[in-house]
Amino acid sequence: MTDAVSVRQSELELERARVAERYARLDALREEKERQLAAVRRTGLEGSLQNHSERDAFASLYEDRLAQLLAVDDRLVFGRLDLDPERAGDPDEERYIGRIGLTTEEHERLLVDWRAAEAGAFYQATAAHRGRVRRRRHLMLRGREVRDLEDDVLDPDLLGQEGVRADAQGALLAAVTARRTGRMGDIVATIQAEQDEVIRAPLAGAVVVQGGPGTGKTAVALHRAAYLLYTHRERLARSGVLIVGPSTAFMRYIERVLPSLGETGVIMASLGTLMPGVQAGPERDLDAAAVKGRLEMAQVIAHAVAQRQRLLAQPRRLMIEGTAVKLKPAAVRRARDRARATGKPHNEARVTFVKILVRELAEKLSKKLEKSSGAPVQRDLLLEDVRTSRDVRVALNLCWMPLTPQKLVGDLLTREHLLRAAAPWLSDGEVGALLRPADAPWTEADVPLLDEAAELLGRLEAPVKGGESAAQHERNLENARASLENMHQTLADMGVDGVVDAEQLAAANEARAVRRTTAETAAHDRTWTYGHVVVDEAQELSPMQWRLLARRCPMKSFTIVGDIAQSSRRDAAGSWASVLEPEFGDRWRLEELTVNYRSPARVMRWASQVAQAAGLEVSRPRAVREGEHAPRLTVRPGADLVALTLDAVAGERDRVPEGLVAVITAAAHAPELLAALRERWGRARVDTAPLPGVEIVVATPWETKGLEFDAVVLAAPERLVDDARGVVGDLYVAMTRATQSLSVVSTAAVAALPAGLADPPA
Ligand SMILES: Nc1ncnc2c1ncn2[C@@H]1O[C@H](COP(=O)(O)OP(=O)(O)OP(=O)(O)O)[C@@H](O)[C@H]1O
């Protein structure tokens, strides 16, 4: 054995022992939490606690911690920093970096959470600016086992020592070339300096992260969410962090990243699920999407609401308990104006409208009754008669009907006269694009319209009084305090250490409430305002979708990631400034990511060539590797697309054994290709999403937005551009999904191919 090999071997042995020590501590902590949890549950069963909610609060506290401890098992430790001593004469310092922080029972530090300030140097130190860092060591684990290590030596004094390499890139390269599973993984072990800067940017304000394909925007956005939750735990546990992505397929793709970083409390939503109670599908009609996305739709909705507050053309005779009373247009107008003047939303202002008219009608009725009977009547009793009169109810409803957002928007999109009245400036073509059958399902483009309507309509039931949440927190805190003594005593009796304070217990209750609203925010609380919102693939959002999101976080604390060039939108703005101007003005800052970790350089050259030929301004990130496989183009005019695609897929499966292959194609071709691929490779291996066991995915560009695959076969590229009415964004997205290899197949004439596609660069 050479010296270098033996040094390396002994270093590996050392690290294996150190890592094992940290796993042992993790296991011990898990056992402890399991014991505590079991004890709490037992106390509940024995009925010795004040009530179930106390037991549940404690149980959920322990469950949360246990879930976190369980989630970080894979590659718990991934780095070591060797540091100069803080003061001369001190010993050298070693710091292990991992997914969570761990200490020994004696409170000595075993592992530093990657998000802690003390871990920052692991990501930021460079040879030029090394700070106290002498060496950065990457520990490469599979599961719990240390497979390899790699040193990045920053202190020149260490260079030349046996087994030591400088400026190592192996950990990064191993990560970026690994086979894809169809689910995004975390990058916590190899976050690069420019990414780290974005991840650790301050919470306040809006940060826009622009970057070409594969620069890690999604990864960075998710790690930033984890960082913010760690750093601002108090604040964000209560208000919550919302992560928004383009589609449910994308949300599924990313859903494991945060749990693997020990964070489970975020709320994830696709553009179609942002309106509670509405599950909207994609908007397939590009014209309708374009009109619905325009900011002026806010005005259309406002008009539509105002037009549901109608006046009377002529007096109306109403029968109340057998007596006729007249409702006059002027009275309705006065009541309407006073109701509007309250500034309340439609349904809430209606209460005022109804109250005024009921009182006036009761007044008239009493006068009439007094006149006919000659005796005074008790007016209070008449109010009830007026309120319950069928005629009155019908008349008042005709003037000012209580409305749900679904009713308002549904009517608007199905009844031409209502639409034209609310939006007289729309052209016939635009009106035609918006109108749809009454039973048409909701689409993503409808969601902001519904949200706008909900805002202007207000609640149907009585409004909840303000200031509830602070008062509620006080009450929670009080309950928690009251229960603690009893709880601690019970736990102490059982020999369990209940290290929780009242504030923690109250926060746990509230955090649980936030988490419950993960599903329920969507289901119930449209007005919930988040502490931070992360928007991925942000170039896809329409102005109306931005308006909705701004409402979800009035503090405008946002992380916005995207790539303007990848937009599918025909009316896409050419710059972030114009996208963000309406909601953010100039109060946002731009960060750029410049390195592509996904696609090989040879794939990117081709994709960029196509994008530029179409006049798209693309970021040209530097790819971290050239790639092994030259991209392939097969053009056979008039041939069978299915046969060509099957051949190409077979070729890619040979090139990238055990790789995940995607066939990306237009919606019109997807069904026949899916059927043919299933026939050839079996049903279980071929599907429309990268589900477990699937080896070949058939999808449209929209469905693959944000995703990646080892190899991509792009079938009928010309059709993608036609379907997008000439917008090349979808084609560009499709070409940039491959981590290893790309084949393009077409049965069109070469002249019909999108510009730049016919001659792939070498
Ligand atoms: N520092 C890193 N270390 C290892 N892998 C990384 C790193 N940064 C990014 N990656 C990997 O590169 C790939 C692309 O990342 P990601 O999907 O976040 O890019 P993106 O910019 O959102 O791409 P797109 O805009 O094309 O959807 C992912 O597999 C991600 O894990």
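The following paragraphs lead through the fold of this chain, from its overall make-up to its sheets, a buried helix and the surroundings of its ligand. The model is a predicted one, and the secondary structure of its chain comes to 29 helices and 22 strands. Of the 762 residues, 43% count as buried. Among contacts between residues at least 6 apart in sequence, 73% join residues at least 24 apart.

Taking the strands in sequence order, one may begin with β1 (residues 77–83), which runs antiparallel to β2 (residues 93–98) and is joined to it by six bridges. Within this pair, Gly-79 of the chain stands opposite Ile-97 in β2. Strand β2 is also joined to β4 (residues 109–113), here by two bridges and in the parallel sense, and in β4 the bridge partner of Ile-97 is Val-112.

Further along the chain there is an open sheet of six strands, in the order β9-β8-β12-β13-β7-β14, with parallel pairing. Its edge strands are β9 (267–270) and β14 (588–593), each of which pairs on one side only, and the twist from one strand to the next averages 15 degrees. The edge strand β14 runs parallel to β7 (residues 206–211), to which six bridges join it; Val-207, for instance, has Arg-589 in β14 as its bridge partner. Helix α6 lies across β7, β8 (241–245), β12 (532–535), β13 (558–562) and β14, and runs at about 165 degrees to β13.

A second open sheet also has six strands and parallel pairing, in the order β17-β22-β21-β18-β20-β19. Because β17 (632–635) and β19 (686–687) stand at the edges with a single partner strand each, one side of each is left without a neighbour in the sheet. Strand β18 (residues 661–664), by contrast, has a partner on either side in that order: four bridges join it to β21 (residues 709–715) in the parallel sense, and four bridges join it, again in parallel, to β20 (residues 696–699). Val-661 takes part in both pairings, since its bridge partner in β21 is Ala-711, while in β20 Val-661 stands opposite Ile-696. Ile-664 stands opposite Leu-714 in β21. Both faces of β18 are covered, with Val-661 and Val-663 buried on one side and Ala-662 and Ile-664 buried on the other.

Among the helices, α10 (residues 286–293) shows how several elements can gather around one segment. Its buried residues are Ala-288, Ala-289, Val-291, Lys-292 and Gly-293, and what covers them includes α11 (296–306), α18 (428–434), α19 (447–457) and α22 (543–552).

The last stop is the ligand, which 23 residues surround, the closest being Pro-213, Gly-216, Lys-217, Thr-218 and Tyr-597. The elements that give two or more residues to this shell are α4 (170–177) and α6 (217–231); α6 is also the helix that lies across β7, β8, β12, β13 and β14. By class, the shell has eight nonpolar, 11 polar and four charged residues. Where does the ligand lie with respect to domain 2 and domain 5? Domain 2 (193–275 + 529–595) and domain 5 (601–752) both give residues to the shell, so the ligand lies between them.

Note on methods
Residues numbered from 1 in each chain as written. Predicted model: local features only at pLDDT ≥ 70, side-chain atom pairs only at ≥ 80, totals over all residues. Near = placed C-beta within 6 Å. Nonpolar A, V, L, I, M, F, W, Y, C, P; charged D, E, K, R; others polar. Domains from an automatic or database assignment. Pairing = 2+ DSSP bridges. Buried ≥ 20, exposed ≤ 12 C-beta atoms within 10 Å, placed from the backbone. Contact = placed C-beta atoms within 7 Å. Axes fitted to C-alpha atoms, helices over the stretch in contact; angles between N-to-C directions.
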